[in-house]
Amino acid sequence: MNTTRRSFVKKSIIASSVAAFSPNVLLATTRPVKEKLGVALVGLGYYSTDLIAPALLKTKHCELRGIVTGSPSKIPAWQEKYGIVDKNIYSYDNYEDIANNPDIDVIYVILPPSMHREYTVRGAETGKHMWCEKPMAPSAADCQAMIDACNKNKVGLSIGYRCQHDPNIQAYQKVVKEQKFGKVKMVTSAAGYVDGRTNHWKQSKAMGGGVMGDMGVYAIQGARLATGEEPISVRAQTYTTRPEIYHEVEESAAYILEFPSGARASCQSSFGINMNHLQVNYEKGWLKMEPQTGYGGNKGSMSDGTEIYTPVDRQQPLQLDDDALSIINKKPYLCPGEEGLRDIRVVEAVLKSGANGGCEVKL
Ligand code: NAD
């Protein structure tokens with residue numbers, strides 16, 4: 001049975017013991033358990049249109065029920081394709097009205113990074129569960145504000161790190177956990193592609209562009225997941241080979257992360273180089289992945305002849321169902337807001353080091 005926000009408002013007036021809480025906190029803590037969760041997508045660009053909406057059709061525990069858009073011209077095609085009813089369509093102005101819509105359980109923010117904080121904080125205030133795309137936000141302070149807003153409203157916050165839901169990525173995380181080849185000595189982690197666009201938010205500082213928030217978080221994730229550790233210091237070089245396009249933000253970055261065990265990771269991220277690989281050298285062996293961050297088809301091998309390859313067509317349905325099950329079963333998310341924040345702290349350190357001649361930045 002669905003319960004509306006209004007009925008909770010009434011209950012909150014009657015129940016004096018809980019009168020100190022806001023209605024949305026009550027909604028979040030007492031919402032009924034469902035088998036399938038209604039998802040509303042905020043932002044209908046490339047990733048929503050080509051990846052997440054089609055992936056929602058392949059999930060067991062999610063259903064695309066709502067959209068939030070600033071482009072009314074997109075609405076008819078989305079309604080026709082996904083059967084979204086009129087009452088579940090929102091603009092950026094009446095976004096908060098989702099609070100009163102029992103069809104929607106989860107809001108998924110898929111906007112340019114500079115908008116993630118505002119739409120996650122406003123979304124959390126509706127009492128709905130929040131999912132947000134990577135990079136979590138342009139700054140660690142933004143990430144913390146998003147985590148705080150979700151905690152205040154007693155809603156979860158998951159970051160769209162699709163790779164962590166992929167059994168092939170989980171396979172190399174297991175190697176370090178089980179110390180199969182001893183300790184990690186060195187990681188090489190690269191993620192880049194040639195972006196030919198000239199006037200996209202990825203080239204705009206104000207919109208949270210730059211390669212570090214984009215392909216950078218993948219290279220960082222590769223290093224963090226392969227070592228199972230958090231870096232303690234960074235030295236970086238940020239550079240641009242096409243200054244006519246990348247004059248506000250970095251096109252490429254090469255950086256070294258140092259981990260508490262003494263392991264180092266040499267990382268590269270670029271909007272100007274096609275590359276996608278991970279190599280881990282342990283005390284007694286090695287592991288290679290290529291590609292390491294594809295939507296599917298990630299695979300690898302190890303020095304003892306073990307292959308890493310579980311066929312995955314697309315990671316997104318796995319991510320969406322895992323996150324829906326976390327809500328349904330009241331279990332922690334695999335990639336909560338804190339995980340997004342960890343990467344953005346490293347991104348900030350890379351940019352600081354890059355802007356200061358490659359000096360060491362401690363984390
Ligand atoms: P996009 O440019 O294709 O879409 C952005 C959407 O935001 C559009 O619908 C646009 O209309 C809307 N928007 C609203 N206000 C805007 C403004 N002021 N400027 C620009 N756009 C505005 O971008 P995308 O590739 O869909 O990326 C969206 C998010 O998804 C980003 O955080 C990106 O990093 C992430 N993403 C993740 C993956 C992944 O593999 N996890 C892949 C691609 C993108």
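Trainee: Which residue in β4 stands opposite Leu-41?

Mentor: Tyr-108 stands opposite Leu-41. The model is a predicted one. Leu-41 and Tyr-108 belong to a pairing of strand β1 (residues 37-42) with strand β4 (residues 106-109), which run parallel over 4 bridges.

Trainee: What makes β1 and β4 a pair of strands?

Mentor: Two strands pair if there are at least two bridges between them. β1 and β4 have 4 bridges, so they meet the cut-off. The link from β4 to β5 is also parallel and has 4 bridges; there, Val-106 stands opposite His-129 in β5.

Trainee: Which sheet holds these strands, and why are β3 and β6 called edge strands?

Mentor: The sheet is open, with 6 strands in parallel pairing and the order β3-β2-β1-β4-β5-β6. β3 (89-90) and β6 (157-159) are called edge strands because each pairs on one side only.

Trainee: What makes both faces of strand β5 covered?

Mentor: In a regular strand the side chains alternate between the two faces of the sheet. In β5 (residues 129-132), His-129 and Trp-131 lie on one side, Met-130 and Cys-132 on the other, and all are buried. Buried means under 20% relative accessible area, so both faces count as covered.

Trainee: Which residues of helix α5 are buried, and what do they pack against?

Mentor: In α5 (residues 116-125) the buried residues are His-116, Tyr-119, Thr-120, Arg-122, Gly-123 and Ala-124. They pack against β1, β4, β5, β6 and α6 (140-152). Just after α5 comes Gly-127, with a positive phi of about 85 degrees.

Trainee: What is the phi of Lys-154, and why is Lys-154 called partly exposed?

Mentor: Its phi is near 55 degrees, a positive value in a residue other than glycine. Most residues other than glycine have a negative phi. Lys-154, in the loop between α6 and β6, has a relative accessible area of 43%. Buried is under 20% and exposed is over 50%, so 43% makes Lys-154 partly exposed.

Trainee: Why does Gln-179 count as partly exposed?

Mentor: The reasoning is alike: Gln-179 has 41% relative accessibility, so it falls between the cut-offs. Gln-179 has a positive phi of about 55 degrees without being a glycine, and its place is the loop between α7 (167-177) and β7 (184-192).

Trainee: What kind of peptide bond joins Lys-134 and Pro-135?

Mentor: A cis bond, with omega about -10 degrees. Pro-135 is in the loop between β5 and α6. Another cis bond runs from Glu-290 to Pro-291, with omega near -5 degrees; Pro-291 is in the loop between β12 (285-289) and β13 (300-302).

Trainee: Why is one side of β14 and of β15 left without a neighbour in the sheet?

Mentor: Their sheet is open, with 9 strands in mixed pairing, ordered β14-β13-β12-β11-β7-β10-β9-β8-β15. β14 (307-308) and β15 (361-362) each have a single partner strand, so one side of each has no neighbour there. The partner of β15 is strand β8 (residues 233-239), antiparallel over 2 bridges, and Ser-233 has Lys-362 as its bridge partner.

Trainee: How do you know that the protein chain agrees with a compact globule?

Mentor: With 363 residues, a compact globule would have a radius of gyration near 21 Å; the chain has 21 Å, so the values agree. Buried residues make up 54% of the 363.

Definitions and conventions:
Residues numbered from 1 in each chain as written. Predicted model: local features only at pLDDT ≥ 70, side-chain atom pairs only at ≥ 80, totals over all residues. Heavy atoms only, no water. Rg over C-alpha atoms; globule rule 2.2 N^0.38 Å. Buried < 20%, exposed > 50% of the residue type's maximum accessible area, 1.4 Å probe, protein only. Contact = heavy atoms within 4.5 Å.
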